[in-house]
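Q: I want to learn how to read disulfides in a protein model. Can we go through them one by one?

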Amino acid sequence: MLRSTALRCEETQDFRKKAKYRTSYCFGDMDVFQTQVFLRLLALNVLLLPLARGTIHFYNFVLKEQNFTKLCVTKSVLTVNGSFPGPEIRVHKGDTVFVNVHNHGYYGVTLHWHGVKQPRNPWSDGPEYITQCPISPGANFTYEVQFTNEEGTLWWHAHSDWTRATVHGAIVILPKEGATYPYPKPDDEEVLVFACWYKESMRELLELAMETGSDTPRSDAYTINGEPGDMCACSNETTYRVLVDYGKTYLLRMVNAALNADLFFSIAGHNLTVVGMDGAYLKPIDTAYVMMTPGQTMDILVTANQSLSYYYMAARQYSSDRLDVTNYDHSNVTAILQYRGNYSAPEKIPFPSALPSYKDNVAAVVFTDRLRSLATEEHPVNVPQNVTTRMFVLASMGVLICPNSSCGGIYGDRLVSSLNNFSWVNPSIDILQAYYRNISDIYSTNFPDFPGILYNFTGDDLPLNISVPTKGTVVKVFDFNETIEIVFQGTNIIDAAEAHPMHLHGYAFYVVGSGIGDFDVDTDPLGYNLVDPPYVNTVAVPKSGWAAIRFVADNPGVWYMHCHLDRHMTWGMDTVFIVKDGGTVATSLRPPPAYMPPCDNSTSSRLISILDRESHSSIMR
């Protein structure tokens, strides 16, 4: 595997237009890929110097099948570089990373850099059929990942079907060179990636569920850094261990990469201090447990101040659906916090008594309500005050009617999900290409700002006539620099209310309010936090409740917005935001790279013909 940061770097300076840019180019043991990218950077120096102000890193990611034995079963799964979780990307704030992805697997895949804003560059954002088509088996594609104001922990993952179950890894973003943390520097740090594991072929189970319209498969266990832990079958020999020294403080960089599960986490006998989330700092929160939604990351300080021994670090699912729904993954994933020193291992390792139970809605809401941005001079907040566009978006489950009740979902119909009663359908070519090339009949721009009908969204026994959404590829278009407020409202259609982790690509946003029940447009905004709300890329919309976010549409391009429960995303709880260009080059979508993965279907011939015409036109000029 290619080294990324061990290369010697030299600085160049550019004083064009009285603006001094500094870029660190990494020389040394470069392979062919690095050399090609480096020469391309030099050729495009005028354009890239304003973007790449820090170090430029190179990574090679090889997608390939790898055998693993877990829960007493050996199976092959897709990985990056043969590891689960995949390789860690480590950078400083402001750096740029080039990742060359070689697909040696059996099916098309894309990668997404979760929480990285990618200014003006959705070409490297990654969601399948939104900003690109899949990287075909045998092909490769290079992503350019630009880090700007992110600082803390983020992650990367596959963005094709449910492939991210095993194709994911952490991104560590250190402060800029010479800068420090806004809290005492920890003595050491540990990355903990939480994921899920299926004993059977997850792809086959998912294909069957999608074919029949039935519920999607549930995992058999959760994992910490690839291991289910002592409480799962055939797992206690490989339980992950975090070694600590008494009196030292450790930074835990935690990623919830599970497909469909909010997770509670706690450490026996130890207090947790949450200091960051989604690549931004928080006011420190002292707590006995945390709750992470799928897609979220957290930075947590832990001081090793207990008697020398072993202590379980444990997580379990927070299942926010009805009390009588029990077909979720009940496993308790564990790792061991193990003190260094001369002592006898305990006969029984203590389990965290503060870990909430599976259905503890109150614990989830109480924790989330405590989150506040750091809001200091060094790490300021800039909460939008004057909203120009307001949206009220329903996140709902539903059904599509099947003839003679012939499907596998509730009432014999097909399970779907929707936003404002539109259930997303992937197009035949990606939205970004269609938008940039002005290709018609790929998507429509009539995603509604408000639902078509109003009702008691969180009430019981809602009528079935509101449970059938419209299928379509429907997007929302914003002008550059619009100030946007979106209230996400959960519903109880088909008695299926649960929490929704809503994620927006290309942006972070301020969560200015949340609550239980139907949003009240007159009274609930009075309680908004416009002083220090958390600045995140994924918001936990509470079960039968609402969450309000604000952001400025200052990143032109095509950006995916979806529920990060993959089952909901697969069923259609997604849409796309298109942000128009501003009035200058610096506020406009960048042109595409020389190569994008082709769309291998009948419609792609239209795109190929447009690209051929552009290429011919360029040659003629």
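A: A disulfide is a covalent bond between the sulfur atoms of two cysteines. Here the term is used for a pair of cysteine sulfur atoms within 2.5 Å. In this structure, C72 and C234 form such a pair, with their sulfur atoms 1.8 Å apart. The model is predicted: local features need pLDDT of at least 70, side-chain atom pairs count only at pLDDT 80 or more, and totals for chains, interfaces and linings use all residues. Residues are numbered from 1 along each chain as its sequence is written, and side-chain values use heavy atoms, with hydrogens and water left out.

Q: Which parts of the chain does the disulfide of C72 and C234 tie together?

A: First, the naming: helices (H or I, at least four residues) and strands (E, at least two) are DSSP runs, numbered from the N terminus. C72 sits in the loop between β3 (56-70) and β4 (73-80), and C234 in the loop between β12 (221-224) and β13 (241-244), so the pair ties together parts that are 162 residues apart in sequence.

Q: What is the handedness of the disulfide of C72 and C234?

A: Look at the torsion about the S-S bond. For C72 and C234 that torsion is about 90°, so this disulfide is right-handed.

Q: Are C72 and C234 buried or exposed?

A: Use relative accessible area: buried means under 20%, exposed over 50%, partly exposed in between (1.4 Å probe, protein chains only). C72 has 46% relative accessibility, so C72 counts as partly exposed. C234 has 55%, so C234 is exposed.

Q: How many disulfides does the whole structure have?

A: A search of the whole structure gives three. One of them joins C133 to C599, S to S 1.9 Å. The S-S torsion of C133 and C599 is 85°, and the link is right-handed. C133 lies in the loop between β7 (111-114) and β8 (140-146), C599 in the loop between β34 (574-579) and α7 (604-620); they are 466 residues apart. C133 is buried at 0%. C599 is buried too, at 3%.

Q: What about C402 and C407?

A: C402 and C407 form a disulfide with sulfur atoms 1.9 Å apart. Their S-S torsion is about -85°, so this disulfide is left-handed. Both C402 and C407 are buried.

Q: What is the pairing of the bonded cysteines in sequence order?

A: Number the bonded cysteines of the chain in sequence order. The pairing reads 1-3, 2-6, 4-5.

Q: Where is the nearest cysteine sulfur to C232?

A: The nearest is that of C72, 9.9 Å away, and C232 is in no disulfide. C232 is buried, with a relative accessible area of 12%.
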